[in-house]
Amino acid sequence: RNLAVANPCPVTPPFVMLRNAALVLLAAQSATGWASPMLASRVAQQSARVASAPVLRAAFSMAAVGQKLYTGSELPKVAGGLKIGNRKIAVITGTSSGLGLYTLKALLKENKFYVVCAVRDVEKMKRIVVEEGFDSGSLIVMKLELGSLQSVRDFVQNLRAFKLTRPLDSLICNAAVYLPKDPSARFTDDGIEQSMGINHVGHFLLARLLIEDMKKSSDPRCVIVGSITGNTNTIGGGLVYPRADLGELQGLKRTADGEQFVEMIDSSKFFGAKAYKDSKVCNMMTMYELHSRYHESTGINFASMYPGCIAESGLFREKRDWFRKIFPLFMKYVTGGYVSELEAGERLAQCVTDPQCKKSGVYWSWNGNAQQLGVSLDSKGKPRGAGGSGGEIFENAVSDEVKNRDKSRKMWDYTSKIVGLPA
């Protein structure tokens with residue numbers, strides 16, 4: 001009921017009414033991650049009935065597995081030294097849309113980076129390069145299917161064949177899937193639920209394999225994109241159902257022990273919105289584990305960040321039409337948490353270009369702690385707080401779940417076993 005923060009400014013009654021009405025409206029969005037607990041309970045009951053029917057359950061599993069995501073490696077692009085020149089090398093995953101695309105734009109403007117666009121759809125990315133008028137001499141497109149551990153390994157080998165002995169200066173782990181409407185789980189080529197497999201496990205393997213390449217740089221930085229939704233100490237992560245909860249990582253342990261098609265990291269039944277939030281907790285945990293294990297010995301600066309709510313991002317393509325229309329307005333005029341794709345991309349690029357971001361073990365945010373919720377108005381009458389547009393970068397706090405070292409060590413050990421690396 002009370003979402004007040006320190007030194008709140010008076011808010012006009014119409015704004016309060018709009019805020020409260022919008023919160024109620026969005027909370028009623030069922031089966032998309034904004035469902036009420038009562039509605040979610042009904043969904044869970046239905047899922048339990050389906051799970052009790054072995055034949056149906058098996059059919060769903062086969063349908064969810066489907067075709068392989070990765071059908072083979074591309075021919076390596078070799079000897080890229082002349083193309084790279086004296087520029088730094090940055091790898092960005094998921095540059096064909098949303099945050100990744102705008103981060104690419106921001107880095108290309110710097111004219112100090114040669115960017116490796118790591119994408120699942122190479123032809124689509126090549127078309128975007130032409131459509132956007134990007135300088136083809138400043139980037140290269142390489143195949144990376146994060147839903148296949150073999151593809152991650154092939155990408156690393158192709159990257160090394162291209163850059164040869166040059167160091168990798170920046171690794172930006174951005175790509176993600178969000179599947180809030182899916183009634184049952186989809187799985188990667190390795191039998192891992194896709195939200196966890198692509199968002200977390202694929203990036204985990206990628207970052208670990210590239211440590212040797214990054215530590216040779218004079219200013220090595222690895223940024224793993226986090227999310228407010230994975231931090232239960234925030235409005236977006238704490239009050240919006242479902243909350244991220246890894247349990248005791250029973251599902252991840254089962255996967256590490258060789259079991260395939262485990263639906264959730266806590267061994268519960270599949271819930272798409274929660275699967276995404278859980279994967280973001282693992283992303284942020286991974287950053288802290290990388291920092292504690294490798295920063296001192298390698299000099300690599302590991303960080304995570306939340307760019308603000310990119311309400312028009314393609315990440316919400318699985319949402320319903322009315323949600324995609326209302327949500328940007330809600331974030332812009334009610335919570336003040338709205339950030340354009342352009343500004344979000346500039347923020348992520350800042351993490352690998354700004355000297356003040358040359359720091360490890362940090363979760364970066366902008367414009368006020370995201371625990372705020374538009375409780376005051378700026379000089380133009382718009383709500384501020386919630387990490388919205390503008391403001392300055394600062395070191396934000398993460399939730400107790402993310403900071404739980406015992407749990408994050410288990411996450412590290414189980415995931416290492418899944419990808420075939422020593423813990």
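So, helix α12: 19 of its 27 residues are buried, which leaves this helix mostly covered. Please keep in mind as we go that this is a predicted model. The helix runs over residues 272-298, and from its first C-alpha to its last it reaches 37 Å, close to the 39 Å expected at 1.5 Å a residue. There is a kink on the way, though: about 40 degrees, centred on His291. And just after the helix ends, Gly299 takes a positive phi of about 80 degrees.

Now, what lies alongside α12? One neighbour is α8, whose axis comes within 8 Å of that of α12, with a crossing of roughly 15 degrees. Angles under 35 degrees count as roughly parallel, and α8 and α12 are therefore roughly parallel to each other. Their crossing is right-handed. If you'd like to pick out the contact on screen, α8 brings Ser195, Met196, Asn199, His200, Phe204, Ala207 and Arg208, while α12 brings Ala275, Tyr276, Asp278, Ser279, Cys282, Asn283, Thr286, Leu290 and Tyr294.

Let me stop at one residue from that list, Thr286, which is found in helix α12. Is Thr286 buried or exposed? The cut-off for buried is under 20% relative accessible area, and Thr286 has 4%, so Thr286 is buried. Leaving aside residues up to four places away in sequence, Thr286 touches His200, Phe204, Ile224 and Met411. Two of those names, His200 and Phe204, you have just heard in the contact from α8. As for Ser304, it lies 18 residues from Thr286 in sequence and 9.3 Å away in space, C-alpha to C-alpha.

Met411 takes us over to another helix, α16, where Met411 is one of the buried residues. Helix α16 covers residues 405-419, 15 in number, and reaches 21 Å end to end by C-alpha atoms, close to the expected 21 Å. Its buried residues are Lys407, Ser408, Met411, Trp412, Tyr414, Thr415, Ser416, Ile418 and Val419. What covers the buried residues of α16? The cover includes α7 (149-163), α8 (194-209), α11 (250-256), α12 and α15 (400-403). So our two helices from before, α8 and α12, are both included in that cover.

Arg405 is also in α16, but its setting is another matter. At 34% relative accessibility, Arg405 counts as partly exposed, because that label goes to values between the 20% and 50% cut-offs. Which residues does Arg405 touch, once those up to four places away in sequence are set aside? They are Glu289 and Ser292. Arg405 and Glu289 are 116 residues apart in sequence, yet 8.6 Å apart in space, C-alpha to C-alpha.

One more helix pair, for comparison. Helix α5 (residues 98-110) and helix α14 (residues 341-353) pack at an angle of about 60 degrees, their axes 7 Å apart. That angle makes α5 oblique to α14. The crossing of α5 and α14 is right-handed. On the α5 side the contact includes Gly98, Leu99, Tyr102 and Ala106, and on the α14 side Ala344, Gly345, Leu348 and Ala349 are among the residues involved.

Let me zoom out to finish. The chain has 16 helices and ten strands. Of its 423 residues, 55% count as buried. And if you take the contacts in the chain with a separation of 6 or more, residues 24 or more positions apart account for 77% of them. Thanks, everyone!

Conventions. Residues are numbered from 1 along each chain as its sequence is written. This is a predicted model: local features need pLDDT of at least 70, side-chain atom pairs count only at pLDDT 80 or more; totals for chains, interfaces and linings use all residues. Side-chain values use heavy atoms; hydrogens and water are left out. Helices (H or I, at least four residues) and strands (E, at least two) are DSSP runs, numbered from the N terminus. The expected span of a helix is 1.5 Å times one less than its number of residues. The bend at a residue is the angle between axes fitted to the seven residues ending there and the seven starting there. Buried means under 20% relative accessible area, exposed over 50%, partly exposed in between (1.4 Å probe, protein chains only). Axes are lines fitted to C-alpha atoms, for helices over the stretch in contact, and angles run from 0 to 180 degrees between N-to-C directions. Angles under 35 degrees count as roughly parallel, over 145 as roughly antiparallel, 65 to 115 as roughly perpendicular and the rest as oblique. A crossing is left-handed if the near helix is turned anticlockwise from the far one by less than a right angle, and right-handed if clockwise. Contact means heavy atoms within 4.5 Å.
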